[in-house]
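Here's a quick tour of a metal site, a ligand pocket and one acidic residue next door in the chain listing. Have the structure open as you read.

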Amino acid sequence: MPLVNTIEMLKEANRHHYAVGCFNVDSLAMVQAVLCAAEASRSPVILSFSAGSREFMHPGNLKALIETVAQDITIPYAIHLDHGKSFEICRACIDEGFTSVMIDGSAHSFEENVAITKDVCAYAHARGVAVEGELGGLDAIDKNDGSHFTNPEQAKEFVLRTGVDSLAVSAGTGHGTQKFRPGEIPSLRLDILKAIKELLPDFPLVFHGSSSVPNDLVAQFNRYGGQLQGAVGIPEELLKEAIAINVSKINIGTDFRLAYVGALRKSLAEIVDRYEPRHFLAPARTAAQKLVSDKINRVFMSANRVETNKSNH
Ligand code: G3H
Ligand code: ZN
C-alpha cells in the first residue's frame, strides 16, 4: 500500500517546482474523491483531517478505513493531521498510524512554539512520521499592522531549532471564504517567500488558506439555499507564482467542501423521487473529484509526477 510520510514527497515537489495538494476530508466519499483524482492524474496527494473530522471518522479505525478504500491506489498518499493544537493530539494521531502531523503552535509565543514543535518532532521522527510547523497567523483579515506575516529570520531559526520537515507560513493567504476585505485587491507577500528561500534554500513551505473560492461554486451553493456573502479567495495565478518559489504543499478545504456540498444541495433539491443516499452522494463525490483533478492538473502541476510502472508497494 503506497501510504507514505510527506518528507520525500515535499522535497521532490520543492525540487521540481510543483505543489502537492492537501485536501480536508470529512467522509469516505471525500477520501475516494481525492484518491481517485490523484490516481487518475498520477499525482502524489495528502488526505488531511482536522481534529473534528478525525473524531467524526472514528479515530481508532481511520487508518484501516482509508487503507481499505485505497486498496487499488498506486500513487503515494499521506494521512495528515491538520492544525494539531497540542502535543497530545499529535501523539494520538501518530500512534493511530497518521504519516504526517501538523503542530500548530502559532497561538503561542515564539519560544513556546519552538518548544512544543520540537517535542512533536522528537516523537514523530522516531516513528517515521513527518512534521509540519506553523509560524505566523492565518486568520488575519482584521489585522492591519502586518504583525501576522511570517518573519523570514524567525522562520530560519524556527526550522533549525525544531527540525520540522515543512513550515506553514503567513504571506497573505487565510482560512475560509472571505480572505480579503471588500474592495481589496487580492495579493500575496511573495517577497516573504523569496526571503525565506534565500535563508533556507530547498526547504518546502506550506500554504494554508489557499482556496480560490470561485464564483461558480459560490453561485451553485447559494442557488440551492446557501447564504455565502462577500466570498473572495486567492487567485490561482498567485498560487502558481508561490509554487515557483518554494511553496510545496497547498491546503484546500473550502473549495473542496463547496464543490461537494454545492452538488449535494443541488441533487437534494432536484431529485424528488428517490431516497437512496447514493443518488445524492454520487454527484457530490463526482464534483469533489473534478475539483481535486482541476487543482492537480491546472494549478499545482503535480500531475504525472508518479511513474506509471513504478511499484510503490
Ligand atoms: O487547513 C486547511 C486549509 O488551510 C484550508 O484553507 O479555507 O482556503 O480552503 P481554505
Ligand atoms: Zn489551515
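How far does a polar side-chain atom of H175 lie from an oxygen atom of ligand 1? In this predicted model, the distance is 3.1 Å. Two other residues make polar contacts with ligand 1 as well, and here's the set side by side:

| Residue | Part of the residue | Distance to an oxygen atom of ligand 1 |
|---|---|---|
| H175 | polar side-chain atom | 3.1 Å |
| G209 | backbone N or O atom | 2.7 Å |
| S211 | side-chain N or O atom | 2.6 Å |

On its own, ligand 1 has 300 Å² of accessible area, and the protein covers 96% of that. Strand 3 and strand 8 (247-252) are the elements that give two or more residues to the shell. The shell holds 15 residues, with D82, K179, S211, G253 and T254 the closest. Sorted by class, that's twelve polar, two charged and one nonpolar.

H175 has a second job on the list: its NE2 coordinates the zinc ion (ligand 2), along with H83 (NE2) and H208 (ND1), at 2.1 Å. Along the chain, these donors are spaced H-x91-H-x32-H. H83 sits in strand 3 (residues 77-84) and H208 in the loop between strand 7 (205-207) and helix 9 (215-223), so this pair ties together parts 125 residues apart in sequence. H83 is buried at 17% relative accessible area, and H208 is buried too, at 1%.

Now for D255, in helix 11 (residues 254-270). D255 is buried, with a relative accessible area of 0%. Its side chain reaches the backbone nitrogen of S212 at 2.8 Å, and the residues D255 touches include S211, P214 and K295.

Note on methods
Residues are numbered from 1 along each chain as its sequence is written. Chains are lettered from A and ligands numbered from 1 in the order in which they are written. This is a predicted model: local features need pLDDT of at least 70, side-chain atom pairs count only at pLDDT 80 or more; totals for chains, interfaces and linings use all residues. Side-chain values use heavy atoms; hydrogens and water are left out. Helices (H or I, at least four residues) and strands (E, at least two) are DSSP runs, numbered from the N terminus. Buried means under 20% relative accessible area, exposed over 50%, partly exposed in between (1.4 Å probe, protein chains only). A polar contact is a pair of N or O atoms within 3.5 Å; within protein, one must be able to donate a hydrogen and the other to accept it, and residues adjacent in sequence count only if both atoms are side-chain atoms. Contact means heavy atoms within 4.5 Å. Donors are N, O and S atoms within 2.8 Å of the metal (3.2 Å for Na, K and Ca); water is not among the atoms, so sites may look incomplete. A residue is near a molecule or strand if one of its heavy atoms lies within 4 Å of it. Accessible areas come from the Shrake-Rupley method with a 1.4 Å probe; for residues, only the protein chains shown count as cover. Ala, Val, Leu, Ile, Met, Phe, Trp, Tyr, Cys and Pro count as nonpolar, Asp, Glu, Lys and Arg as charged, and the others, Gly among them, as polar. Lists of a residue's contacts leave out its neighbours within four places in sequence.
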